Amino acid sequence: MQLTYDILKTYQENYDAGPSLEGGGVTCPEVPLKRLLGYQVRSRLGIAAGLLLNSRWIEAYSSLGFDLLTYKTVRSSYRPCYPLPNWVFVSDDGQINGPIYYRESPPEDTSAVTSSVCFGMPSMSPDVWRPDVARAKEALRDGQLLIVSVVGTPEAGWGGEEMANDFAECAAWAVEAGADIVEANLSCPNVCTAEGSIYLDPEFSRGVATTVRSRIGKVPLLMKVGYFEEESLMRSFLQAVSAAVDGVTMVNGLTRPVLYPDGRPVFGSDYVQAGVLGRSIHRASVQSVQMAKRIARSEGLDLSVLAVGGASVLADIKDFFDVGADAVLMGSSPMYCPSLAADAKLHCRDW
Ligand SMILES: Cc1cc2nc3c(=O)[nH]c(=O)nc-3n(C[C@H](O)[C@H](O)[C@H](O)COP(=O)(O)O)c2cc1C
């Protein structure tokens, strides 16, 4: 299995040298344009915030036929990455709660891969990422969109208004640099401060949504959320943000304790809980998307849903489109399945 992100190396090393792509790339079939969030797009297939660390990663994956490219979450100030390990393989146990256990290497079958990440949402300083977002935008081909993921960074003594302003500052910078779409990240499974779970607070989320909207004009705005255990809370969230946003991206990794078989936490005692990705979360992600579409329909909310969670083979992508997803993003699988978008376009010209 080819891995384009070297999980034994630091985030900075991968940022500086990746992605590691062997071979001569892929041949992408010509497919007709579609519409998404007011744009014409070559396909409604892309990569969620995470793997695309900078403009070089974006350029590489745009050439592989992924058409919706999300620049990994950036902040208003430099934030280092947590220490290694940041990304490990774990054994799928068919559950979404309770501890999940480390495995040394991934299964041979890429459709069976489950992994876990604990990066802490690192960010280059705005001096670095703002010009780099502009380079990323220049690298895109016709029919491709650049989504920039942003997050607020809390400081001591801040309330909701200051946090919302910090989100909005990053969003405005992203648009100035060329973002086609802004995604406000309201969830991160391994960050213990306020920005890790804003989506569970509908009023806080509404504040972020309206403040960001006031700074970015008509540029499409998405909110990235984690898993909702209760439909009533998802409903309250969607009602709270719908006037200010164009859609939601769901779901982020599911939070679980990630342990070695002897019970030690893989990411160290400060980060027992981390985000679980891949096969283990696919069913729950499809159910979440289905629920969001149902709520939007029944409440008359005009919201697109960009689906993410455990898509690594064509059947997973189909699962999401079948329940009404407006687009399908891959988080972890493009690391071990770089030809997935090209394969998907061969299989279905309408995706
Ligand atoms: C290496 C890596 C880093 C990630 N970093 C972020 C991030 O900065 N912001 C974010 O919203 N999600 C982040 N994610 C989560 C993904 O966007 C996605 O929600 C998650 O991986 C679930 O999708 P999957 O099952 O297809 O991997 C990251 C994922 C990976 C693999």
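This section describes the overall fold, the ligand shell, the strand pairings and selected backbone features of a predicted model.

The predicted protein is built from ten helices and 15 strands. Its radius of gyration is 18 Å, close to the 20 Å that the globule rule gives for 351 residues, so the protein is as compact as a globular protein of that length. Taken along the principal axes, the box filled by the C-alpha atoms of the protein is roughly 50 × 45 × 45 Å. Of the 351 residues, 53% count as buried, and among the contacts with a separation of 6 or more, 74% are accounted for by residues 24 or more positions apart.

The shell around the ligand comprises 26 residues, of which Ala 48, Gly 50, Leu 277, Gly 331 and Ser 332 come nearest to the ligand. Two elements, strands β4 (68-74) and β13 (273-278), give two or more residues to this shell. When the shell is divided by class, twelve of its residues are nonpolar, twelve are polar and two are charged.

Strand β10, which spans residues 221-225, is mostly covered, with five of its five residues buried. The side directions within β10 divide its residues into two sets, Leu 221, Met 223 and Val 225 pointing one way and Leu 222 and Lys 224 the other way, and all of these residues are buried. The charged residue of this strand, Lys 224, is thus included among the buried positions. Strand β10 is paired with strand β9 (residues 181-185), the two running parallel and being joined by four bridges, and within this pairing Val 182 has Leu 221 of β10 as its bridge partner. Strand β10 also pairs with strand β11 (residues 247-250), again in the parallel sense and over four bridges, with Met 223 standing opposite Val 248 of β11. The connection between these two strands passes from β10 through helix α6 (residues 231-241) to β11, and the resulting β-α-β crossover is right-handed.

A further set of pairings involves strand β6 (residues 100-103), which is joined by two bridges to strand β5 (residues 87-90), the two strands running antiparallel. In this arrangement Val 90 stands opposite Tyr 102 of β6. Strand β6 also pairs with strand β12 (residues 254-259), in this case in the parallel sense and over two bridges, and the bridge partner of Tyr 101 in β12 is Leu 259.

Among the helical positions, Ala 296 is placed in helix α7 (residues 282-299). With 21 other C-beta atoms within 10 Å, Ala 296 is buried, because the count reaches the cut-off of 20 or more. When residues up to four places away in sequence are not counted, Ala 296 touches Leu 238, Leu 301 and Leu 303. The C-alpha atoms of Ala 296 and Arg 235 are separated by 8.4 Å, although these two residues are 61 residues apart along the chain.

Two cis peptide bonds are described here. The bond that joins Gly 18 and Pro 19 is cis, with an omega of about -5°, and Pro 19 is placed in the loop between α1 (11-17) and β1 (34-36). The peptide bond from Met 250 to Val 251 is also cis, its omega being near 10°. Val 251 lies in the loop between β11 and β12, while β11 itself covers residues 247-250 and is a parallel partner of β10.

Positive phi values are found in two residues other than glycine, Leu 37 and Met 121. For Leu 37, phi is near 50°, and the residue is placed in the loop between β1 and β2 (39-41). Leu 37 has 20 C-beta neighbours inside 10 Å and therefore counts as buried. For Met 121, phi is about 50°, and the residue is found in the loop between β7 (114-117) and α3 (126-139). Met 121 is likewise buried, with 22 other C-beta atoms within 10 Å.

Conventions
Residues numbered from 1 in each chain as written. Predicted model: local features only at pLDDT ≥ 70, side-chain atom pairs only at ≥ 80, totals over all residues. Rg over C-alpha atoms; globule rule 2.2 N^0.38 Å. Buried ≥ 20, exposed ≤ 12 C-beta atoms within 10 Å, placed from the backbone. Contact = placed C-beta atoms within 7 Å. Near = placed C-beta within 6 Å. Pairing = 2+ DSSP bridges. Right-handed = clockwise from strand over helix to strand, strands pointing away.
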